[in-house]
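User: Hello! Could you take me on a close look at one part of this structure, starting from a single residue and working outwards to what surrounds it?

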Amino acid sequence: MKTINSILCIAAVSMFSCTVEKTESGELPEIDVDVQAESGELPEYNVDWAKVNVGTRTKTVKVPKVMVVMEEEEVEVPYLEVDLPNSAGEVEERTIRVEAEVSEYMHELEIQKVYATGNKLIVISKMEKSTDALQDKRVRVSDQIILNAPDNLTVKHYIIGDKPEGGFNNDYRYYKQESDISAKIAEAKLIYEG
């Protein structure tokens, strides 16, 4: 009896979200007092579920677009050869790059100074906003130097200027002025000034 009630409850709940059509009547089993039962027959139903159409529609929405145009061009790139005392690592040539993503106005980003302390390089870059409007576009600005130094050097970047919006710019620390990081470079040696 509990099974039949459960089936009827499920059927009642299902009726709120679909069309149910009874196709055959049913009857409950007859129960004898000595717990013998004759077979019964459950009612049968055709269930017509909601019809769902899947397709597409054309809508005008705002989507983010980043337009990056890379052009090859020969430019003078600063080249540093660093020979640190007690350096255990092999010397290798690598590019030190600083990059930011900007919007609203074009910016200039330039590596200004490189300091060395222990097995760490501290790269200080400066970012300045220009008057050229970008008109709802985001662009990436960058600068780089080539370094021939031991491969075990770690590089820490600091950018002097306002931090642009966007998650891309979370790789660097931004400061209003260079004096804000004077404690970080107090013991370091200036090895490059651009």
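Analyst: Happy to. Let's start at Ser125, which is buried, with a relative accessible area of 0%. Please keep in mind that this is a predicted model.

Ser125 lies in strand E5. What does Ser125 touch, leaving aside its neighbours within four places in sequence? Its contacts are Val98, Leu109, Glu110, Ile111, Gln112, Tyr158, Ile159 and Ile160. Ser125 counts as buried because its 0% relative accessible area falls under the 20% cut-off for that class.

Several of those contacts lead straight to the largest nonpolar core. This core has 22 residues, and Leu109, Ile111, Val114, Met127 and Ile159 touch the most other members. Strand E4, residues 91-117, and strand E5, residues 120-150, each supply at least two residues of the core. Which strand gives the largest share? That is E5, with nine residues. As a general background, nonpolar side chains in soluble globular proteins tend to be buried together.

Val114 deserves a stop of its own. Not counting residues up to four places away in sequence, Val114 touches Leu121, Ile122, Val123, Ile145, Lys189, Leu190, Ile191 and Tyr192. Apart from the largest core lies another one, of nine residues, with Tyr115, Tyr175, Ile181 and Ala188 among them.

Now for the strand pairing around this part. E4 and E5 pair in the antiparallel sense over 24 bridges. Within this pairing, Glu110, which is also one of the contacts of Ser125, stands opposite Lys126 in E5. The two strands, E4 and E5, form a hairpin with two residues between them, and Gly118 in the turn has a positive phi of about 60°. E4 has another antiparallel partner in strand E8, residues 189-193, joined to it by four bridges. There, the bridge partner of Val114 in E8 is Tyr192, and Tyr192 also appears among the contacts of Val114.

Two further backbone details belong to these strands. Glu104, found in strand E4, has a positive phi of about 70° although it is not a glycine. Is Glu104 buried or exposed? At 56% relative accessibility, Glu104 counts as exposed, because the cut-off for that class is over 50%. In strand E5, Asp136 likewise is not a glycine and has a positive phi, of about 60°. Asp136 counts as exposed too, at 83% relative accessibility.

Side-chain geometry adds one more item that you may like to inspect. The charged end of Arg140 sits over the ring of Phe168, 3.9 Å from the centre of that ring. As for aromatic pairs, a search of the whole structure finds one.

Finally, here is the setting in which all this sits. The chain has one helix and eight strands, and along the sequence they follow the pattern α-β-β-β-β-β-β-β-β. Of its 194 residues, 23% count as buried, and Ser125 is one that does. Among contacts in the chain with a separation of 6 or more, 72% are between residues 24 or more positions apart. The accessible surface of the chain comes to about 15200 Å², with 47% of that belonging to carbon and sulfur atoms.

Notes:
Residues numbered from 1 in each chain as written. Predicted model: local features only at pLDDT ≥ 70, side-chain atom pairs only at ≥ 80, totals over all residues. Heavy atoms only, no water. Core = buried A, V, L, I, M, F, W, Y, C linked by side-chain atoms within 4.5 Å. Buried < 20%, exposed > 50% of the residue type's maximum accessible area, 1.4 Å probe, protein only. Contact = heavy atoms within 4.5 Å. Phe/Tyr/Trp six-rings, centres within 6.5 Å; stacked < 30°, edge-to-face > 60°. Lys NZ or Arg CZ within 6 Å of the ring centre and 35° of its normal. Areas by Shrake-Rupley, 256 points an atom, 1.4 Å probe, with all protein chains shown as cover. Pairing = 2+ DSSP bridges.
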